[in-house]
Amino acid sequence: MNLLKPENVQICESAADWQDAIRISTHLLEQNGYVEPRYKEEIIANVERLGPYIVIADHIVLPHARPEQGALQSQIGVTLFRNPVTFDNGADGQLFVTLAASDNNSHLDALMEISELLSEEETVNDILASSDEETLYRYFQ
C-alpha cells in the first residue's frame, strides 16, 4: 500500500476518550506534514455532528475528513490502541486507520485494499495482537 509509510504507524496503550484517540491517531500525519493541525478537530466536529460514522466494523475506526478540512497530501496513518476506545454510541475501536486525502479520488485504491485486508475476522484479530509497529506495518504493505 503506497499511501502508508512506516513512520505513520504507532501502538499506544490507551486514550482518555474517543476525541483523544482521534488526536493521537492524527498526530503522526500532522507531525510529518500530511495534514494541517486543524484536521483532527475537523474529524472530531464531524463525528459530534454526524455520529460515529467512522466506526466501520467491530474494533475498526476510519478517521477522516474532507480534503478541504485540512488534508495536505494523501497518506494513511495506523494507530493500534491496546485498550479499546469507546464512542458515545457504545461502539469500541482499537485499530484506527486514519486517512488524509488531498482530493476525492487518489485514496480510493487504498480504501479498497484496506477493506479487503480487514474483511477477514482472523486477520483483524492478528492485527489487533501485533507485538510492535513493524509487525503492524507489515499487515498493511
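The following exercises, each with a worked solution, concern a predicted model.

**Exercise 1. The buried face of helix α3**

Determine which residues of helix α3 (residues 108–117) are buried, and what covers them.

Solution. Begin with the cut-off: a residue is buried when its relative accessible area is under 20%. In α3, the residues that meet this condition are A110, I114 and L117. Next, look down the axis of α3: these buried residues fall within an arc of 65°, so they line one face of the helix. The spacing agrees with a general rule. An α-helix has 3.6 residues a turn, so residues three or four places apart point the same way. Then turn to the other side of α3, where D109, M112 and E116 are exposed. Finally, the cover over the buried residues of α3 includes strands β4 (75–86) and β5 (92–100), together with helices α4 (121–128) and α5 (133–139).

**Exercise 2. The buried face of helix α4**

Carry out the corresponding analysis for α4: which of its residues are buried, and which elements are included in their cover?

Solution. The buried residues of α4 are V124, I127 and L128. Viewed along the axis of α4, they lie within an arc of 95°, so they too line one face of their helix. Their cover includes β3 (59–61), β4, β5, α3 and α5.

**Exercise 3. The pairing of strand β4**

State how β4 is joined to β1 (residues 4–12) and to β5, and in which direction each pair runs.

Solution. Take β1 as the starting point. Five bridges join β1 to β4, and these two strands run parallel. Within this pairing, C12 stands opposite F81 in β4. Now consider β5. Eight bridges join β4 to β5, and here the strands run antiparallel. G77 stands opposite T98 in β5. The hairpin of β4 and β5 has five residues between the strands, and G90 in this hairpin takes a positive phi near 95°.

**Exercise 4. Two residues compared by exposure**

Decide for T26 and for S131 whether the residue is buried or exposed, and identify the contacts of each beyond four places in sequence.

Solution. T26 lies in helix α1 (residues 18–31). Its relative accessibility is 0%, and T26 therefore counts as buried. Beyond its neighbours within four places in sequence, T26 is in contact with V35, Y39, K40, I43 and T98.

S131 has its place in the loop between α4 and α5. With a relative accessible area of 56%, S131 is exposed, since the limit for that class is over 50%. Not counting residues up to four places away in sequence, S131 touches I11 and R82. S131 and I11 are 120 residues apart along the chain, and their C-alpha atoms are separated by 8.8 Å.

**Exercise 5. The backbone of H59**

Establish where H59 is found, what its phi is, and how exposed it is.

Solution. H59 is found in strand β3. Its phi is near 75°, a positive value in a residue other than glycine. For comparison, most residues other than glycine have a negative phi. H59 is partly exposed, with a relative accessible area of 30%.

**Exercise 6. The largest pocket**

Describe the volume and the lining of the largest pocket.

Solution. The volume of the largest pocket is about 210 Å³. Its lining consists of 15 residues, of which H64, A65, R66, P67 and Q69 lie nearest the centre. Sorted by class, the lining has seven nonpolar, five polar and three charged residues. Helix α2 (residues 38–50) gives the most to this lining, with three residues.

Terms used: Residues numbered from 1 in each chain as written. Predicted model: local features only at pLDDT ≥ 70, side-chain atom pairs only at ≥ 80, totals over all residues. Heavy atoms only, no water. 1 Å grid on protein atoms, 1.4 Å probe; cavity = no way out; pocket = protein on both sides within 12 Å on 5 of 7 lines; lining within 4 Å. Points joined across faces, edges and corners; volume = space filled by probe spheres on them. Helix = DSSP H or I, 4+ residues; strand = E, 2+ residues; numbered from the N terminus. Nonpolar A, V, L, I, M, F, W, Y, C, P; charged D, E, K, R; others polar. Buried < 20%, exposed > 50% of the residue type's maximum accessible area, 1.4 Å probe, protein only. Arc of directions from axis to C-beta. Contact = heavy atoms within 4.5 Å. Pairing = 2+ DSSP bridges.
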